Amino acid sequence: MRTKTIKKNKINVVTLGCSKNIYDSEVLMGQLKANGKNVVHEDPEDDGNIVVINTCGFIGKAKEESIDTILHYVQRKEAGEIDKVFVSGCLSERYKPDLEKEIPNVDQYFGTHDLPNLLKVLEADYKHELIGERLTTTPKHYAYLKIAEGCDRPCSFCAIPLMRGKHKSTPIENIVIEATKLAEKGIKEIMLIAQDLTYYGLDIYKKRALAQLLVALAKVDGIEWIRMHYAFPTGFPMDVLDVMKREPKVCNYLDIPLQHINSEILKSMKRGTTHEKTTALIHKFREAVPEMGIRTTLIVGYPGETEAHFQELKEWVEEMRFERLGVFEYSHEENTGAYVLEDNVPADVKFKRVNEIMEIQSQISWELNQQKIGKTFRCLFDRKDGEYFYGRTEYDSPDVDNDVLVDAKEHYVKIGEFIDIEIHEAGDYDLYGTPVKK
């Protein structure tokens, strides 16, 4: 049995899931630090005596990882290695009664909108004046910037509205304050995130205001790249493309999850679009900004997806030649619109379909990469790993997209700096190059 506390209240924040969760953890840590608390983020050396786990509850695998992490820290608590375990975030929002029953040794569960209450149990006050005050956990030169919370879309496969609530845009002036504070800390790249960038502004300005936000952010000194993640295809504000064309700080990059292309599947998914409309939208993007790199994600194995539906998707992926693409297996989530449908595509078929699409995409990516050999790209360098420095072009977001590798035995580049790199070799996804001497 434990007889005394290990250390004087050091709080370890553990983050699971997407970039929105990373952002939420950073806000929590900023509040704790402002209250004089000793806080770390996933410190493997000395992880404190109080643990806060910010969970993900999006799909099956993410839920499993969250539960495994909770159980790991509960076991450590029972062994006397830590004092308290608190759980927050999406899994906790969605399944709080079940979790309290199944894993009662957690000290307390909190949802996605419970930050003031979580701070209270950690003996800290919520400070309203701390707009933009975060302890960033990403490398020192880039950060995520959440511009809205929640989602009003009715997508049948998605549980996000159950966990995050209705769409709520953050006012432009608050986002600019936050971006300015990030720039003052040395951040050079900001990635705009939300459940739905396309909807930004409709609730508070009664019009789509993403373009106006981009114009305002481009005026922030020190920010050199502005990247857009998670746009919704239906109702996309085309004036954003005009800003992308004329404003060098706005990366020629758009992350726009399209999910499928068969019109029947899209209708069942409640995406508000069709094969023809989706294809026309992508063509409009490429006509307006020919150099744009488009990232999309797809879902295979949705209820009722036949072999014919899948073949249509494969042919469309070959035709569209997306610069970046990821694929998920459909996850049957309770309380979503699609849950009443039969999850009738076998797991092995879902797995096979993911691999078939990714095989097509790897060939497309290889072919597009070959066209970059001999060209020079401005790259931002994130890290050194083994014998290489790893950087990215404006067409690549951290962790999900391609890297540009520079041989560390031959060249030195400074982490967090922009360097012009001439490409001399290209694989399926990564590029290899050398710094251009000036």
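**Cysteines, a pocket and some buried side chains**

Mentor: Let's start from the record: UniProt, in an unreviewed entry, places the feature "binding site" at Cys-18, Cys-56 and Cys-90. UniProt positions follow the numbering used here, feature names are shortened, and annotations may be inferred rather than shown by experiment. Keep in mind that this is a predicted model, in which local features need pLDDT of at least 70 and side-chain atom pairs count only at pLDDT 80 or more, while totals for chains, interfaces and linings use all residues. Residues are numbered from 1 along each chain as its sequence is written, and side-chain values use heavy atoms, with hydrogens and water left out.

Trainee: What is the largest C-alpha distance among Cys-18, Cys-56 and Cys-90?

Mentor: In sequence these residues are spread over 73 residues. In space they cluster, and the largest C-alpha distance is 10.6 Å.

Trainee: Which of these residues does the lining of the largest pocket include?

Mentor: A pocket here is an open set of points on a 1 Å grid over the protein atoms alone, where a 1.4 Å probe fits, with protein on both sides within 12 Å along at least five of seven lines; lining residues have an atom within 4 Å of a point. By that rule, the lining includes Cys-18, Cys-56 and Cys-90.

Trainee: How much space lies in the largest pocket?

Mentor: The volume is the space filled by probe spheres set on the grid points, which are joined across faces, edges and corners. For the largest pocket that comes to about 1,300 Å³.

Trainee: Which residues that line the largest pocket are the closest to its centre?

Mentor: The lining has 50 residues. The closest to the centre are Cys-18, Lys-20, Phe-58, Tyr-230 and Phe-328.

Trainee: Which element gives the most to the lining of the largest pocket?

Mentor: Helices (H or I, at least four residues) and strands (E, at least two) are DSSP runs, numbered from the N terminus. At least two lining residues each come from α1 (19-34), α2 (60-78), α5 (160-164), β12 (293-300) and β13 (324-329). The one that gives the most, with 5 residues, is β13.

Trainee: How many residues of each class does the lining of the largest pocket have?

Mentor: Ala, Val, Leu, Ile, Met, Phe, Trp, Tyr, Cys and Pro count as nonpolar, Asp, Glu, Lys and Arg as charged, and the others, Gly among them, as polar. The lining has 28 nonpolar, 11 polar and 11 charged residues.

Trainee: Is Cys-90 buried or exposed?

Mentor: Cys-90 lies in helix α3 (residues 90-102). Buried means under 20% relative accessible area, exposed over 50%, and partly exposed in between, with a 1.4 Å probe and protein chains only. Cys-18, in the loop between β1 (10-15) and α1, is partly exposed at 30%. Cys-90 has a relative accessible area of 8%, so it is buried.

Trainee: Which residue shares a polar contact of side chains with Thr-15?

Mentor: Thr-15 is in strand β1 and is buried at 13% relative accessibility. A polar contact is a pair of N or O atoms within 3.5 Å; within protein, one must be able to donate a hydrogen and the other to accept it, and residues adjacent in sequence count only if both atoms are side-chain atoms. At 2.7 Å, the side chain of Thr-15 is joined to that of Ser-25.

Trainee: Which backbone oxygens does the side chain of Tyr-109 reach?

Mentor: Tyr-109 belongs to strand β5 (residues 108-109) and is buried, at 2% relative accessible area. A polar atom of its side chain lies 2.8 Å from the backbone oxygen of Ile-103. At 3.3 Å, the side chain of Tyr-109 also reaches the backbone oxygen of Leu-99.

Trainee: Which residue has its backbone oxygen 2.7 Å from a polar atom of the side chain of Arg-227?

Mentor: Arg-227 sits in strand β10 (residues 225-228) and is buried, with 0% relative accessibility. The backbone oxygen in question is that of Glu-394.

Trainee: What is the phi of Asn-335?

Mentor: Asn-335 lies in the loop between β13 and α13 (347-370) and is exposed, at 64%. Although Asn-335 is not a glycine, its phi is positive, about 70°.
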